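Open the model in a viewer and keep the selection panel at hand. The stops below go from a sheet to a helix pair, then to a pocket and a cavity.

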Amino acid sequence: MKGRHRLAGSSGGALRIGAAAVAVLVVLAGSWYAFDKFSEPSCGSAGKLSIGAPADLAPALKAQAGEWAERAKADDICAEIDVFEADPADIAAAVAAKSEKALTGVGQANGRTRIPDIWVPDSSLWLQRLKVANPQSVPAGTRSIARSPVLLAMPEPIATTFGWPQTKIGYVDLIKKVSADQKVKVGIVDPSRDSTSLGGLLALAAAAQEAGGGNAAQATQTATAALRALASGRSPLKADLLRKFPRGSDATALSGGLTVAPLSEQAIIQYNAQQPPVRLAAIYADPAPPGLDYPFVVLNADRSAVATELLKSLDTQSFRDKLGAIGLRGADGAPGKGFQIPANAPGAIAASQLPDAATVEGLLQKWQAITLPARMLAVIDVSGSMLEKVPTAGNVTRMQVTLEAARKGMSLFDDSWALGVWTFSTQLDGAKDYRQLVPIGPLVSQRTQCLQALQSIQPKPNGDTALYDTILAGYKAVQSGWDGGRINSLIVMTDGENDDPAGGLSLEQLIAELRKTADPARPVQVILIGIGNKVGEAQMRQITDAIGGGTFVAPDPAKIGDIFLQAISLRGQVTQPK
């Protein structure tokens with residue numbers, strides 16, 4: 001009995017201890033569940049997904065992503081999705097910067113820009129531009145998740161004078177009107193940073209070629225006139241552009257406001273939905289420019305599994321209807337519920353063809369050359385070697401291809417530019433190795449003088465190349481009249497290395513003198529352009545790296561025109577002093 005008593009006591013104690021232990025475990029388990037559930041992110045790092053999208057798409061994308069994440073829980077898929085608004089230009093700049101590259105006219109990203117796991121820019125043109133800078137910067141095989149064609153927006157009373165809506169309006173019609181009638185006010189957002197405007201600019205440039213009727217000179221003149229008209233009506237932001245449209249239908253308001261501008265279909269729909277005093281006509285002009293196609297780009301491969309599942313949700317009627325409510329079409333170009341179809345709009349929009357990358361880059365370089373205000377001294381090598389023939393340019397001389405490049409570049413400079421022209425070799429002006437043909441001054445008053453100076457330039461048959469002394473003299477000349485409202489730059493075009501029989505500065509002495517002369521408060525960019533395969537490229541780069549600027553070389557002198565344009569267009573993006 002005694003033993004049974006101990007057994008009974010032991011058994012009862014064990015039961016009581018067991019029950020208490022279970023209770024403690026339950027409490028601990030519940031506490032851990034609560035801690036795990038609420039003190040840590042719901043999905044852990046593998047389930048997190050950041051998506052950067054433009055403001056015109058972000059609302060629909062955010063709503064769809066939220067709904068998908070809720071439904072995914074039922075399938076034990078945990079995803080924490082952060083959709084944030086991001087300017088495509090800023091993200092493109094940040095992606096390019098990772099490869100130590102810069103996109104023409106884009107500059108640096110906003111300091112708050114972050115590169116997301118998934119990027120949905122408004123246009124595949126951004127991907128094309130990034131691939132030119134670095135082919136590995138973005139993945140291939142992206143899919144579109146929405147569309148909005150690029151149209152011409154025109155106040156309805158003005159559109160009727162063009163024959164709208166009965167008559168189909170084309171870009172050639174518009175380009176002829178713009179070139180001939182200064183009363184036509186064309187507007188555009190900076191196409192270097194705005195895909196809609198870039199699409200419109202590409203269409204207008206192509207129309208200018210067609211309007212030239214096969215005459216290359218006429219086509220160039222027409223294109224230049226159109227680009228200048230666009231440049232005079234440019235706006236930094238879409239909101240600023242929209243405010244330029246007329247606010248009344250009387251003749252004074254219509255003539256004082258904007259006549260036409262490239263806008264997306266969505267932008268026109270949203271503008272008219274605000275019931276403005278004058279509605280905008282949505283003109284589906286031919287040929288259709290590259291439209292907005294919103295590619296879904298996975299920038300972080302570690303998030304590809306979650307991204308793939310989300311992407312499936314974006315190919316549904318539910319998402320198409322969300323797009324329709326904000327004026328966008330589905331990926332196939334068909335509209336969803338709530339889409340306010342503009343007059344004369346096609347039922348579906350076909351995917352537009354992207355132009356080749358060289359066409360895009362060349363056009364943006366021309367745009368930059370026109371729009372960046374500048375004060376420039378152009379210094380041209382006239383040493384004896386500039387008489388050498390260029391087989392790839394029909395055996396004309398290096399001098400001839402260089403001067404032709406300078407003349408074509410100058411045709412893009414508007415009257416707000418200030419330009420001066422020098423030549424250099426050895427002992428051109430007494431003991432001086434350089435000669436001033438035209439002092440730096442406004443083109444509005446000395447364009448003809450500059451052109452005449454270029455036409456008069458002849459090489460010095462036995463002349464050498466006093467490059468270093470000339471660079472220092474040119475730098476000081478630009479700095480002496482420095483203008484804070486412009487990009488002040490020295491451009492030197494040469495086909496050889498420094499070669500001065502009289503001695504002159506050494507490379508080390510030149511760099512030391514330039515650094516001594518330089519004033520951070522009055523920066524001068526030095527742009528050196530090498531012509532042919534005998535230039536001292538390494539030494540030229542040492543100079544521009546030390547003082548700030550850029551070195552550009554055309555091994556084939558026939559390509560000097562392209563190199564000249566590239567150098568001009570990148571004035572605002574070349575290197576800073578090291």
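Start with the open sheet of this predicted model: 5 strands in the order β2-β1-β3-β10-β4, with mixed pairing. Colour β2 (80-85) and β4 (143-144) apart from the rest; these are the edge strands, and each pairs on one side only.

Next select residues 48-53, which make up β1. β1 pairs with β2 in the parallel sense, and the pairing runs over 6 bridges. To find your place along the pair, show S50, which stands opposite D82 in β2.

Stay here and add residues 58-73. This is helix α2, which lies across β1 and β2. The helix runs at about 175 degrees to β2.

**The α7 and α14 pair**

Now select α7 (195-211) and α14 (357-371). Their axes are 11 Å apart and the packing angle is about 95 degrees. Angles of 65 to 115 degrees count as roughly perpendicular, so α7 and α14 are roughly perpendicular to each other.

Show side chains where the two helices meet. On the α7 side, select L198, L201, L202 and A205. In α14 their counterparts are T359, V360, L363, L364 and W367. By class, this contact has 8 nonpolar residues and 1 polar residue, with no charged ones.

**The second largest pocket**

Keep both helices displayed and add α8 (216-232), α15 and α20 (560-569): each of these, like α7 and α14, supplies at least two residues to the lining of the second largest pocket. The volume of this pocket is about 950 Å³. To centre the view, select Q209, T220, G362, K366 and L565, which lie nearest the pocket centre among its 41 lining residues.

Which helix gives the largest share of the lining? It is α7, with 8 residues. Colouring the lining by class gives 27 nonpolar, 9 polar and 5 charged residues.

**The largest cavity**

The structure also holds 4 cavities of 30 Å³ or more. In the largest of them lies about 90 Å³ of space. Select M376, A378, I380, A406, G409, M410, F413, L419, V421, L454, M493 and F564 to display its lining. The elements giving two or more residues to that lining are β11 (374-381), α15 (398-412) and β14 (418-429).

How does this lining divide by class? It has 11 nonpolar residues, 1 polar residue and no charged residues. Leave α15 selected at the end: this helix contributes to the lining of the cavity and also to that of the second largest pocket.

Conventions:
Residues are numbered from 1 along each chain as its sequence is written. This is a predicted model: local features need pLDDT of at least 70, side-chain atom pairs count only at pLDDT 80 or more; totals for chains, interfaces and linings use all residues. Side-chain values use heavy atoms; hydrogens and water are left out. Two strands pair if DSSP finds at least two bridges between them. Helices (H or I, at least four residues) and strands (E, at least two) are DSSP runs, numbered from the N terminus. Contact means heavy atoms within 4.5 Å. Axes are lines fitted to C-alpha atoms, for helices over the stretch in contact, and angles run from 0 to 180 degrees between N-to-C directions. On a 1 Å grid over the protein atoms alone, a cavity is a set of points where a 1.4 Å probe fits but cannot get out, and a pocket is an open set with protein on both sides within 12 Å along at least five of seven lines; lining residues have an atom within 4 Å of a point. Grid points are joined across faces, edges and corners, and a volume is the space filled by probe spheres set on the points. Ala, Val, Leu, Ile, Met, Phe, Trp, Tyr, Cys and Pro count as nonpolar, Asp, Glu, Lys and Arg as charged, and the others, Gly among them, as polar. Angles under 35 degrees count as roughly parallel, over 145 as roughly antiparallel, 65 to 115 as roughly perpendicular and the rest as oblique.
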